[in-house]
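Grab a pencil and let's work through a few exercises together. Have a look at the structure below before you start.

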Amino acid sequence: MKRTVAVPKAIADDVAYARFRRLGDHVVLTNDAGRFHLMPQLEFQRMLGGELQLESPSHVRLAELGFLRSQPKIDVLADRLRDRRGYLMVGPSLHIMIITLRCDQICGYCHASRTNLDSQGYDMDEVTARAVVDRIFETTSPSITIEFQGGEPLVNWPILQLVVDYATQKNVTAGKALMFSLVTNLSLMTDEKAEYLLDHGVMICTSFDGPREVHEWNRHLARASSYDEAVKWIKEINARYIARGHDSGLAYVNALLTVTRATLSKPREVVDEYVALGLKAINLRPLNPFGFAARTWERIGYTGAEYLAFYREALDYIIELNRKGVEILEKKLALYLQKIFTDNDPNYMELRSPCGAGIGQMAYNYDGKIYTCDEGRMIGKMGDDLFEIGHAALNTHREAVGHETVRAMAAASYLDSVPGCSDCAYNPYCGVCPIYNYIEQGDLFGKMPGSDWCKISMGICDHLFGRLASEGPELRTLLERWTREKDRGEAYCVKAGSSMTY
Ligand code: SF4
Ligand code: SF4
(Lines give C-alpha, C1' and ligand atoms only; values in the text may rest on other atoms or scores of the structure.)
(Ligands and ions follow the chains in the order given, each with its own letter.)
Protein backbone atom coordinates (compact mmCIF):
# COMPACT_ATOMS: atom_id res chain seq x y z
CA MET A 1 0.00 0.00 0.00
CA LYS A 2 1.27 3.42 -0.95
CA ARG A 3 2.00 5.56 2.13
CA THR A 4 0.98 9.20 2.10
CA VAL A 5 3.45 11.46 3.84
CA ALA A 6 1.85 14.45 5.43
CA VAL A 7 3.63 17.61 4.31
CA PRO A 8 4.78 19.46 7.42
CA LYS A 9 3.33 22.96 7.72
CA ALA A 10 5.04 26.10 8.88
CA ILE A 11 3.38 27.59 11.91
CA ALA A 12 2.13 31.14 11.88
CA ASP A 13 4.12 32.27 14.87
CA ASP A 14 7.37 31.24 13.19
CA VAL A 15 7.31 34.55 11.32
CA ALA A 16 9.67 36.99 13.02
CA TYR A 17 8.85 40.68 13.36
CA ALA A 18 8.01 42.00 9.90
CA ARG A 19 5.95 44.76 8.32
CA PHE A 20 3.69 44.20 5.35
CA ARG A 21 1.59 46.05 2.80
CA ARG A 22 -1.05 44.74 0.42
CA LEU A 23 -0.54 45.63 -3.25
CA GLY A 24 -3.36 44.33 -5.44
CA ASP A 25 -3.10 40.55 -5.38
CA HIS A 26 0.34 40.61 -3.77
CA VAL A 27 1.79 41.48 -0.38
CA VAL A 28 5.23 42.95 0.29
CA LEU A 29 6.92 41.97 3.56
CA THR A 30 9.96 43.81 4.91
CA ASN A 31 12.16 43.39 7.97
CA ASP A 32 14.29 45.84 9.96
CA ALA A 33 17.39 44.97 7.95
CA GLY A 34 15.64 46.09 4.77
CA ARG A 35 15.16 42.62 3.26
CA PHE A 36 11.90 42.22 1.34
CA HIS A 37 9.75 39.43 0.00
CA LEU A 38 6.84 39.74 -2.45
CA MET A 39 4.25 37.00 -2.18
CA PRO A 40 0.75 36.40 -3.57
CA GLN A 41 -2.10 37.32 -1.20
CA LEU A 42 -3.22 33.69 -1.07
CA GLU A 43 0.16 32.50 0.15
CA PHE A 44 0.27 35.31 2.69
CA GLN A 45 -3.10 34.18 4.07
CA ARG A 46 -1.79 30.62 4.20
CA MET A 47 1.27 31.79 6.06
CA LEU A 48 -0.84 33.64 8.64
CA GLY A 49 -3.01 30.56 9.07
CA GLY A 50 -0.01 28.26 9.54
CA GLU A 51 -0.75 26.61 6.22
CA LEU A 52 2.35 27.54 4.25
CA GLN A 53 4.10 24.40 3.10
CA LEU A 54 7.64 24.05 4.28
CA GLU A 55 9.18 23.40 0.90
CA SER A 56 7.19 26.03 -0.96
CA PRO A 57 9.26 28.72 -2.73
CA SER A 58 7.95 31.44 -0.39
CA HIS A 59 8.89 29.47 2.72
CA VAL A 60 12.42 28.83 1.42
CA ARG A 61 12.84 32.48 0.49
CA LEU A 62 11.49 33.74 3.84
CA ALA A 63 13.99 31.51 5.62
CA GLU A 64 16.87 32.76 3.45
CA LEU A 65 15.98 36.38 4.13
CA GLY A 66 15.78 35.92 7.90
CA PHE A 67 12.01 36.25 8.26
CA LEU A 68 11.62 33.04 10.30
CA ARG A 69 12.34 32.61 13.98
CA SER A 70 13.14 28.92 13.59
CA GLN A 71 15.98 29.81 11.23
CA PRO A 72 17.29 33.09 12.65
CA LYS A 73 19.98 34.95 10.79
CA ILE A 74 20.71 37.33 13.65
CA ASP A 75 24.40 37.97 12.84
CA VAL A 76 23.77 38.59 9.15
CA LEU A 77 20.81 40.88 9.82
CA ALA A 78 22.64 42.75 12.59
CA ASP A 79 25.65 43.34 10.30
CA ARG A 80 23.39 44.59 7.56
CA LEU A 81 21.53 46.90 9.91
CA ARG A 82 24.82 48.26 11.33
CA ASP A 83 26.19 48.91 7.83
CA ARG A 84 23.00 50.59 6.70
CA ARG A 85 22.94 52.89 9.74
CA GLY A 86 26.69 53.55 9.52
CA TYR A 87 25.96 57.25 9.01
CA LEU A 88 25.03 57.47 12.70
CA MET A 89 28.61 56.64 13.73
CA VAL A 90 30.38 59.51 12.01
CA GLY A 91 28.99 63.04 12.19
CA PRO A 92 28.05 65.79 9.77
CA SER A 93 29.72 65.26 6.40
CA LEU A 94 27.70 67.68 4.24
CA HIS A 95 28.40 71.37 4.89
CA ILE A 96 26.38 73.87 2.89
CA MET A 97 27.81 77.38 2.64
CA ILE A 98 25.43 80.09 1.49
CA ILE A 99 28.09 82.52 0.34
CA THR A 100 25.61 85.09 -0.99
CA LEU A 101 21.88 85.66 -1.28
CA ARG A 102 22.30 87.73 -4.46
CA CYS A 103 21.18 86.16 -7.73
CA ASP A 104 20.71 87.18 -11.37
CA GLN A 105 17.70 84.88 -11.93
CA ILE A 106 14.19 85.00 -10.49
CA CYS A 107 12.66 81.54 -10.03
CA GLY A 108 9.08 80.98 -8.96
CA TYR A 109 10.06 78.13 -6.65
CA CYS A 110 13.31 79.63 -5.31
CA HIS A 111 14.11 77.76 -2.11
CA ALA A 112 16.96 80.11 -1.39
CA SER A 113 14.97 83.33 -0.89
CA ARG A 114 17.31 85.34 -3.10
CA THR A 115 17.90 89.08 -3.33
CA ASN A 116 18.71 91.25 -6.37
CA LEU A 117 22.22 91.57 -7.74
CA ASP A 118 22.51 95.19 -6.61
CA SER A 119 21.47 94.48 -3.00
CA GLN A 120 24.02 95.31 -0.30
CA GLY A 121 25.03 93.27 2.74
CA TYR A 122 24.09 89.77 1.55
CA ASP A 123 27.57 88.37 0.75
CA MET A 124 29.67 86.25 3.11
CA ASP A 125 32.87 88.12 4.02
CA GLU A 126 36.37 86.70 4.42
CA VAL A 127 36.39 86.61 8.24
CA THR A 128 33.07 84.73 8.32
CA ALA A 129 34.17 82.32 5.55
CA ARG A 130 37.33 81.38 7.46
CA ALA A 131 35.35 80.92 10.71
CA VAL A 132 32.89 78.64 8.88
CA VAL A 133 35.69 76.51 7.43
CA ASP A 134 37.25 76.27 10.92
CA ARG A 135 33.91 75.01 12.31
CA ILE A 136 33.51 72.55 9.43
CA PHE A 137 36.89 70.97 10.15
CA GLU A 138 35.80 70.33 13.76
CA THR A 139 33.41 67.63 12.49
CA THR A 140 34.08 64.06 13.59
CA SER A 141 33.26 62.85 10.08
CA PRO A 142 36.23 61.45 8.11
CA SER A 143 34.74 62.92 4.94
CA ILE A 144 33.68 66.50 4.24
CA THR A 145 31.73 67.88 1.32
CA ILE A 146 31.57 71.67 1.17
CA GLU A 147 28.64 72.67 -1.02
CA PHE A 148 28.44 76.25 -2.27
CA GLN A 149 24.91 77.58 -2.52
CA GLY A 150 23.20 80.95 -2.72
CA GLY A 151 21.58 83.00 -4.14
CA GLU A 152 23.94 82.38 -7.00
CA PRO A 153 27.34 81.44 -5.53
CA LEU A 154 29.25 82.63 -8.63
CA VAL A 155 28.25 86.18 -7.61
CA ASN A 156 30.67 85.93 -4.65
CA TRP A 157 33.49 84.33 -6.63
CA PRO A 158 36.46 85.57 -4.48
CA ILE A 159 34.97 83.92 -1.38
CA LEU A 160 34.40 80.64 -3.22
CA GLN A 161 38.07 80.60 -4.21
CA LEU A 162 39.15 81.56 -0.70
CA VAL A 163 37.15 78.68 0.81
CA VAL A 164 38.56 76.15 -1.67
CA ASP A 165 42.12 77.29 -0.94
CA TYR A 166 41.74 77.59 2.84
CA ALA A 167 39.93 74.26 3.24
CA THR A 168 42.49 72.46 1.05
CA GLN A 169 45.29 73.96 3.09
CA LYS A 170 43.67 72.92 6.40
CA ASN A 171 43.16 69.44 5.05
CA VAL A 172 46.89 68.87 4.69
CA THR A 173 46.94 68.26 8.44
CA ALA A 174 43.29 67.16 8.93
CA GLY A 175 43.54 64.32 6.38
CA LYS A 176 39.83 64.13 5.58
CA ALA A 177 38.31 62.98 2.30
CA LEU A 178 37.46 66.48 1.08
CA MET A 179 35.11 67.37 -1.75
CA PHE A 180 33.65 70.60 -3.10
CA SER A 181 30.38 71.02 -4.89
CA LEU A 182 28.85 74.11 -6.49
CA VAL A 183 25.12 74.60 -7.04
CA THR A 184 24.85 77.19 -9.80
CA ASN A 185 22.38 78.38 -12.42
CA LEU A 186 25.41 78.62 -14.80
CA SER A 187 24.37 81.97 -16.28
CA LEU A 188 27.37 83.79 -14.74
CA MET A 189 29.84 81.10 -15.76
CA THR A 190 32.92 82.21 -17.71
CA ASP A 191 35.82 80.32 -19.31
CA GLU A 192 38.10 81.39 -16.50
CA LYS A 193 35.71 80.24 -13.75
CA ALA A 194 34.99 76.94 -15.49
CA GLU A 195 38.72 76.22 -15.78
CA TYR A 196 39.29 77.04 -12.10
CA LEU A 197 36.43 74.76 -11.02
CA LEU A 198 37.67 71.89 -13.17
CA ASP A 199 41.28 72.44 -12.05
CA HIS A 200 40.22 72.28 -8.40
CA GLY A 201 37.86 69.30 -8.65
CA VAL A 202 34.71 71.23 -7.76
CA MET A 203 31.63 69.20 -8.74
CA ILE A 204 29.12 71.31 -10.65
CA CYS A 205 25.36 70.94 -10.11
CA THR A 206 22.73 72.96 -11.90
CA SER A 207 18.98 73.25 -12.24
CA PHE A 208 17.62 72.10 -15.55
CA ASP A 209 13.84 72.13 -15.92
CA GLY A 210 13.71 71.68 -19.73
CA PRO A 211 11.81 71.72 -22.14
CA ARG A 212 12.60 75.36 -23.03
CA GLU A 213 9.14 76.82 -22.29
CA VAL A 214 9.02 75.13 -18.87
CA HIS A 215 12.58 76.07 -17.91
CA GLU A 216 12.05 79.69 -18.92
CA TRP A 217 8.63 79.83 -17.18
CA ASN A 218 10.19 78.50 -13.96
CA ARG A 219 13.46 80.45 -14.16
CA HIS A 220 13.44 84.05 -15.39
CA LEU A 221 16.69 85.68 -16.54
CA ALA A 222 16.34 89.31 -17.68
CA ARG A 223 19.30 89.64 -20.06
CA ALA A 224 19.12 86.26 -21.89
CA SER A 225 17.34 82.93 -22.07
CA SER A 226 17.94 80.92 -18.88
CA TYR A 227 17.42 77.76 -20.96
CA ASP A 228 20.08 78.70 -23.55
CA GLU A 229 22.59 79.58 -20.82
CA ALA A 230 22.05 76.29 -18.98
CA VAL A 231 22.24 74.14 -22.12
CA LYS A 232 25.33 75.97 -23.42
CA TRP A 233 27.32 75.46 -20.22
CA ILE A 234 26.18 71.90 -19.53
CA LYS A 235 27.46 70.94 -22.98
CA GLU A 236 30.60 73.05 -22.70
CA ILE A 237 31.66 71.76 -19.26
CA ASN A 238 30.93 68.14 -20.13
CA ALA A 239 33.04 68.55 -23.29
CA ARG A 240 35.89 69.99 -21.20
CA TYR A 241 35.83 66.99 -18.85
CA ILE A 242 36.18 64.70 -21.86
CA ALA A 243 38.91 66.88 -23.40
CA ARG A 244 40.85 66.54 -20.14
CA GLY A 245 40.64 62.76 -20.49
CA HIS A 246 38.13 62.14 -17.71
CA ASP A 247 35.57 59.33 -17.64
CA SER A 248 32.30 60.89 -18.85
CA GLY A 249 30.46 58.47 -16.56
CA LEU A 250 32.14 60.04 -13.52
CA ALA A 251 32.88 63.67 -14.29
CA TYR A 252 29.83 65.53 -15.59
CA VAL A 253 27.46 68.36 -14.69
CA ASN A 254 24.80 67.12 -12.29
CA ALA A 255 21.40 68.44 -13.41
CA LEU A 256 18.37 68.69 -11.11
CA LEU A 257 14.79 69.17 -12.18
CA THR A 258 12.17 70.77 -9.96
CA VAL A 259 8.64 69.81 -10.93
CA THR A 260 6.21 72.72 -11.01
CA ARG A 261 2.65 72.97 -12.29
CA ALA A 262 4.13 73.72 -15.73
CA THR A 263 5.95 70.36 -15.76
CA LEU A 264 3.01 68.15 -14.83
CA SER A 265 1.68 67.72 -18.36
CA LYS A 266 5.13 66.97 -19.83
CA PRO A 267 6.47 63.77 -18.23
CA ARG A 268 7.88 62.38 -21.47
CA GLU A 269 9.15 65.70 -22.80
CA VAL A 270 11.36 66.38 -19.74
CA VAL A 271 12.90 62.92 -20.00
CA ASP A 272 13.53 63.44 -23.73
CA GLU A 273 15.29 66.76 -22.96
CA TYR A 274 17.67 65.05 -20.54
CA VAL A 275 18.37 62.21 -22.96
CA ALA A 276 19.00 64.67 -25.82
CA LEU A 277 21.57 66.51 -23.66
CA GLY A 278 23.38 63.23 -23.01
CA LEU A 279 22.52 63.30 -19.28
CA LYS A 280 22.44 59.88 -17.63
CA ALA A 281 20.33 60.75 -14.59
CA ILE A 282 17.21 62.80 -14.00
CA ASN A 283 16.00 63.82 -10.55
CA LEU A 284 12.23 64.44 -10.63
CA ARG A 285 12.14 66.54 -7.45
CA PRO A 286 8.75 67.61 -6.14
CA LEU A 287 8.28 71.19 -5.02
CA ASN A 288 8.70 71.91 -1.31
CA PRO A 289 6.57 74.63 0.27
CA PHE A 290 9.66 76.56 1.47
CA GLY A 291 11.14 79.90 0.44
CA PHE A 292 9.43 81.72 -2.41
CA ALA A 293 7.48 78.56 -3.28
CA ALA A 294 5.41 79.10 -0.12
CA ARG A 295 4.23 82.42 -1.56
CA THR A 296 3.74 81.24 -5.15
CA TRP A 297 2.14 77.89 -4.32
CA GLU A 298 -1.26 78.86 -5.77
CA ARG A 299 0.37 79.47 -9.16
CA ILE A 300 3.05 76.77 -9.34
CA GLY A 301 2.05 74.13 -6.74
CA TYR A 302 0.01 70.93 -6.99
CA THR A 303 -1.28 68.08 -4.85
CA GLY A 304 0.65 64.96 -3.98
CA ALA A 305 -1.74 62.95 -6.17
CA GLU A 306 -1.04 65.20 -9.18
CA TYR A 307 2.70 64.85 -8.66
CA LEU A 308 2.42 61.07 -8.38
CA ALA A 309 0.49 60.79 -11.65
CA PHE A 310 3.29 62.76 -13.33
CA TYR A 311 6.03 60.74 -11.63
CA ARG A 312 4.54 57.36 -12.55
CA GLU A 313 4.24 58.30 -16.21
CA ALA A 314 7.77 59.71 -16.37
CA LEU A 315 9.20 56.66 -14.59
CA ASP A 316 7.37 54.20 -16.81
CA TYR A 317 8.73 56.05 -19.83
CA ILE A 318 12.29 55.94 -18.41
CA ILE A 319 11.97 52.17 -17.94
CA GLU A 320 10.63 51.87 -21.50
CA LEU A 321 13.70 53.78 -22.76
CA ASN A 322 16.02 51.56 -20.70
CA ARG A 323 14.51 48.53 -22.40
CA LYS A 324 15.44 50.11 -25.73
CA GLY A 325 19.04 50.52 -24.58
CA VAL A 326 18.94 54.21 -23.57
CA GLU A 327 21.05 54.87 -20.46
CA ILE A 328 19.00 57.09 -18.13
CA LEU A 329 17.90 56.59 -14.52
CA GLU A 330 15.66 58.44 -12.10
CA LYS A 331 17.71 59.58 -9.13
CA LYS A 332 15.13 59.33 -6.31
CA LEU A 333 14.16 55.81 -7.30
CA ALA A 334 17.85 54.90 -7.66
CA LEU A 335 18.32 55.93 -4.00
CA TYR A 336 15.39 53.74 -2.92
CA LEU A 337 16.72 50.87 -5.04
CA GLN A 338 20.11 51.05 -3.39
CA LYS A 339 18.40 50.69 -0.01
CA ILE A 340 16.10 47.93 -1.28
CA PHE A 341 18.51 45.77 -3.31
CA THR A 342 21.88 46.31 -1.63
CA ASP A 343 23.48 46.29 1.82
CA ASN A 344 24.50 49.92 1.46
CA ASP A 345 22.74 53.10 2.39
CA PRO A 346 23.44 56.11 0.15
CA ASN A 347 23.23 58.46 3.19
CA TYR A 348 20.79 60.76 1.44
CA MET A 349 19.79 63.22 4.16
CA GLU A 350 16.04 63.04 3.57
CA LEU A 351 15.91 59.25 3.23
CA ARG A 352 17.49 58.23 6.47
CA SER A 353 16.27 57.59 10.00
CA PRO A 354 16.85 59.95 11.72
CA CYS A 355 17.26 62.51 8.95
CA GLY A 356 20.48 64.44 8.50
CA ALA A 357 19.47 67.68 10.25
CA GLY A 358 22.48 68.76 12.34
CA ILE A 359 23.86 65.20 12.60
CA GLY A 360 24.55 64.54 8.91
CA GLN A 361 24.64 68.05 7.52
CA MET A 362 24.74 71.72 8.50
CA ALA A 363 24.09 74.96 6.63
CA TYR A 364 26.05 78.18 7.18
CA ASN A 365 24.33 81.40 6.24
CA TYR A 366 26.22 84.31 4.63
CA ASP A 367 26.18 86.07 8.03
CA GLY A 368 27.72 83.12 9.90
CA LYS A 369 24.53 81.72 11.45
CA ILE A 370 24.47 77.91 11.53
CA TYR A 371 21.27 75.99 10.71
CA THR A 372 20.33 72.30 10.86
CA CYS A 373 20.18 72.21 7.06
CA ASP A 374 19.52 74.57 4.16
CA GLU A 375 15.77 74.15 4.57
CA GLY A 376 16.12 75.34 8.18
CA ARG A 377 18.00 78.37 6.89
CA MET A 378 15.12 79.08 4.48
CA ILE A 379 12.65 79.04 7.35
CA GLY A 380 15.00 81.50 9.09
CA LYS A 381 14.72 83.76 6.04
CA MET A 382 10.94 83.52 6.42
CA GLY A 383 11.35 85.08 9.89
CA ASP A 384 11.42 81.98 12.12
CA ASP A 385 14.80 81.05 13.64
CA LEU A 386 13.71 77.74 15.21
CA PHE A 387 16.30 75.86 13.15
CA GLU A 388 19.26 78.14 13.98
CA ILE A 389 21.74 76.11 16.06
CA GLY A 390 24.68 78.46 16.49
CA HIS A 391 27.02 80.97 14.92
CA ALA A 392 30.34 80.16 13.26
CA ALA A 393 32.19 82.90 15.15
CA LEU A 394 30.59 82.28 18.55
CA ASN A 395 29.93 78.56 18.88
CA THR A 396 31.91 75.36 18.38
CA HIS A 397 30.79 72.60 16.05
CA ARG A 398 30.14 70.43 19.10
CA GLU A 399 27.82 73.05 20.59
CA ALA A 400 25.87 73.22 17.32
CA VAL A 401 25.50 69.42 17.08
CA GLY A 402 24.40 69.28 20.71
CA HIS A 403 21.75 72.00 20.26
CA GLU A 404 18.30 71.05 21.58
CA THR A 405 16.75 71.65 18.15
CA VAL A 406 19.05 68.98 16.66
CA ARG A 407 17.89 66.51 19.30
CA ALA A 408 14.24 67.35 18.62
CA MET A 409 14.77 66.92 14.85
CA ALA A 410 16.39 63.51 15.40
CA ALA A 411 13.51 62.39 17.59
CA ALA A 412 10.93 63.68 15.11
CA SER A 413 12.52 61.92 12.12
CA TYR A 414 13.35 58.59 13.77
CA LEU A 415 10.87 56.44 11.86
CA ASP A 416 10.49 53.75 14.52
CA SER A 417 8.89 56.34 16.79
CA VAL A 418 6.73 58.12 14.20
CA PRO A 419 3.10 56.93 14.23
CA GLY A 420 2.27 55.47 10.82
CA CYS A 421 5.94 55.01 9.89
CA SER A 422 6.84 52.65 12.75
CA ASP A 423 4.73 49.86 11.26
CA CYS A 424 4.89 50.85 7.58
CA ALA A 425 6.38 48.27 5.21
CA TYR A 426 8.52 51.01 3.63
CA ASN A 427 10.09 52.05 6.95
CA PRO A 428 13.54 50.56 6.09
CA TYR A 429 13.76 52.64 2.91
CA CYS A 430 12.02 55.88 3.80
CA GLY A 431 12.63 59.15 5.64
CA VAL A 432 10.58 62.07 6.89
CA CYS A 433 11.37 65.77 7.06
CA PRO A 434 10.50 67.56 10.33
CA ILE A 435 10.74 70.93 8.57
CA TYR A 436 8.23 69.84 5.94
CA ASN A 437 5.96 68.69 8.79
CA TYR A 438 6.45 72.02 10.54
CA ILE A 439 5.40 73.99 7.45
CA GLU A 440 2.59 71.64 6.41
CA GLN A 441 1.16 70.73 9.82
CA GLY A 442 2.69 73.17 12.32
CA ASP A 443 4.59 70.47 14.22
CA LEU A 444 8.01 68.79 13.81
CA PHE A 445 6.32 65.48 14.62
CA GLY A 446 4.21 64.76 11.55
CA LYS A 447 0.91 62.98 11.20
CA MET A 448 2.25 61.12 8.21
CA PRO A 449 -0.92 59.47 6.87
CA GLY A 450 -2.31 62.95 6.12
CA SER A 451 0.91 64.34 4.68
CA ASP A 452 1.70 64.88 1.00
CA TRP A 453 5.30 63.92 1.82
CA CYS A 454 4.07 60.46 2.85
CA LYS A 455 1.63 60.18 -0.05
CA ILE A 456 4.49 60.75 -2.49
CA SER A 457 6.95 58.38 -0.75
CA MET A 458 4.32 55.67 -0.40
CA GLY A 459 3.09 56.17 -3.96
CA ILE A 460 6.61 55.76 -5.37
CA CYS A 461 7.23 52.58 -3.33
CA ASP A 462 3.78 51.17 -4.19
CA HIS A 463 4.45 51.76 -7.89
CA LEU A 464 7.86 50.11 -7.68
CA PHE A 465 6.81 47.03 -5.69
CA GLY A 466 3.56 46.74 -7.67
CA ARG A 467 5.53 46.59 -10.92
CA LEU A 468 8.10 44.17 -9.45
CA ALA A 469 5.26 41.88 -8.32
CA SER A 470 3.52 41.85 -11.68
CA GLU A 471 6.56 41.84 -13.99
CA GLY A 472 9.08 39.64 -12.24
CA PRO A 473 12.83 39.14 -12.68
CA GLU A 474 13.45 41.02 -15.95
CA LEU A 475 12.42 44.35 -14.38
CA ARG A 476 14.43 43.61 -11.24
CA THR A 477 17.56 42.93 -13.32
CA LEU A 478 17.04 46.17 -15.23
CA LEU A 479 16.55 48.22 -12.05
CA GLU A 480 19.46 46.61 -10.24
CA ARG A 481 21.71 48.26 -12.82
CA TRP A 482 20.65 51.62 -11.38
CA THR A 483 22.25 50.69 -8.05
CA ARG A 484 25.63 50.23 -9.70
CA GLU A 485 26.17 53.90 -10.40
CA LYS A 486 29.89 54.57 -10.22
CA ASP A 487 31.25 56.28 -7.12
CA ARG A 488 31.82 59.82 -8.32
CA GLY A 489 33.51 60.76 -5.06
CA GLU A 490 36.65 59.03 -6.26
CA ALA A 491 36.83 61.34 -9.25
CA TYR A 492 36.47 64.55 -7.26
CA CYS A 493 37.85 63.74 -3.84
CA VAL A 494 40.76 65.95 -2.73
CA LYS A 495 42.77 63.71 -0.41
CA ALA A 496 44.93 65.37 2.18
CA GLY A 497 48.22 66.60 0.79
CA SER A 498 47.53 65.47 -2.76
CA SER A 499 47.53 67.84 -5.65
CA MET A 500 44.13 68.27 -7.21
CA THR A 501 43.59 66.43 -10.43
CA TYR A 502 40.36 67.95 -11.69
S1 SF4 B 1 6.50 58.51 5.41
FE2 SF4 B 1 4.78 57.26 4.74
S3 SF4 B 1 5.74 55.80 3.30
FE4 SF4 B 1 7.39 56.66 4.52
S5 SF4 B 1 7.65 55.24 6.26
FE6 SF4 B 1 6.24 56.87 6.92
S7 SF4 B 1 4.21 56.02 6.54
FE8 SF4 B 1 5.67 54.81 5.30
S1 SF4 C 1 14.88 68.53 8.33
FE2 SF4 C 1 14.17 67.99 6.27
S3 SF4 C 1 15.50 69.16 4.90
FE4 SF4 C 1 16.50 69.15 6.91
S5 SF4 C 1 17.91 67.39 6.84
FE6 SF4 C 1 15.97 66.68 7.73
S7 SF4 C 1 14.85 65.85 5.98
FE8 SF4 C 1 16.47 67.17 5.14
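**Exercise 1: The overall fold**

Find out what share of the contacts with a separation of 6 or more joins residues 24 or more positions apart.

Solution. Keep in mind that this is a predicted model. Step one: take the contacts in the protein with a separation of 6 or more; 69% of them are between residues at least 24 positions apart. Step two: check the burial, where 46% of the 502 residues count as buried. Step three: compare the radius of gyration with the globule rule. A compact globule of 502 residues would have a value near 23 Å, and the protein has 24 Å, so the two agree. Step four: add the outline, with a C-alpha trace that spans about 95 × 50 × 45 Å along the principal axes.

**Exercise 2: Two sides of a helix**

Work out which residues of helix 4 are buried and why they lie on the same side.

Solution. First, list the buried ones in residues 126-136: Thr128, Ala129, Val132, Val133, Arg135 and Ile136. Next, look around the axis: these residues cover an arc of only 160 degrees, which is why they share one side of helix 4. Now flip to the other side, where Glu126 and Val127 are exposed. Finally, ask what does the covering: strand 4 (94-98), strand 6 (143-149) and helix 5 (157-174) are among the elements over the buried residues.

**Exercise 3: Around the ligand**

Sort the shell of ligand 1 by class.

Solution. Start with who is there: the surrounding residues include Leu415, Cys421, Tyr426, Asn427 and Met458. Then sort: nine residues of the shell are nonpolar, three are polar and none is charged.

Key:
Residues are numbered from 1 along each chain as its sequence is written. Chains are lettered from A and ligands numbered from 1 in the order in which they are written. This is a predicted model: local features need pLDDT of at least 70, side-chain atom pairs count only at pLDDT 80 or more; totals for chains, interfaces and linings use all residues. A residue is near a molecule or strand if its C-beta atom, placed from the backbone, lies within 6 Å of it. Ala, Val, Leu, Ile, Met, Phe, Trp, Tyr, Cys and Pro count as nonpolar, Asp, Glu, Lys and Arg as charged, and the others, Gly among them, as polar. A residue is buried if 20 or more other C-beta atoms lie within 10 Å of its own, exposed if 12 or fewer, and partly exposed in between; C-beta atoms are placed from the backbone. Helices (H or I, at least four residues) and strands (E, at least two) are DSSP runs, numbered from the N terminus. The arc is that of the directions from the helix axis to the C-beta atoms. Two residues are in contact if their C-beta atoms, placed from the backbone, lie within 7 Å. The radius of gyration is taken over C-alpha atoms; the globule rule is 2.2 Å times the number of residues to the power 0.38.
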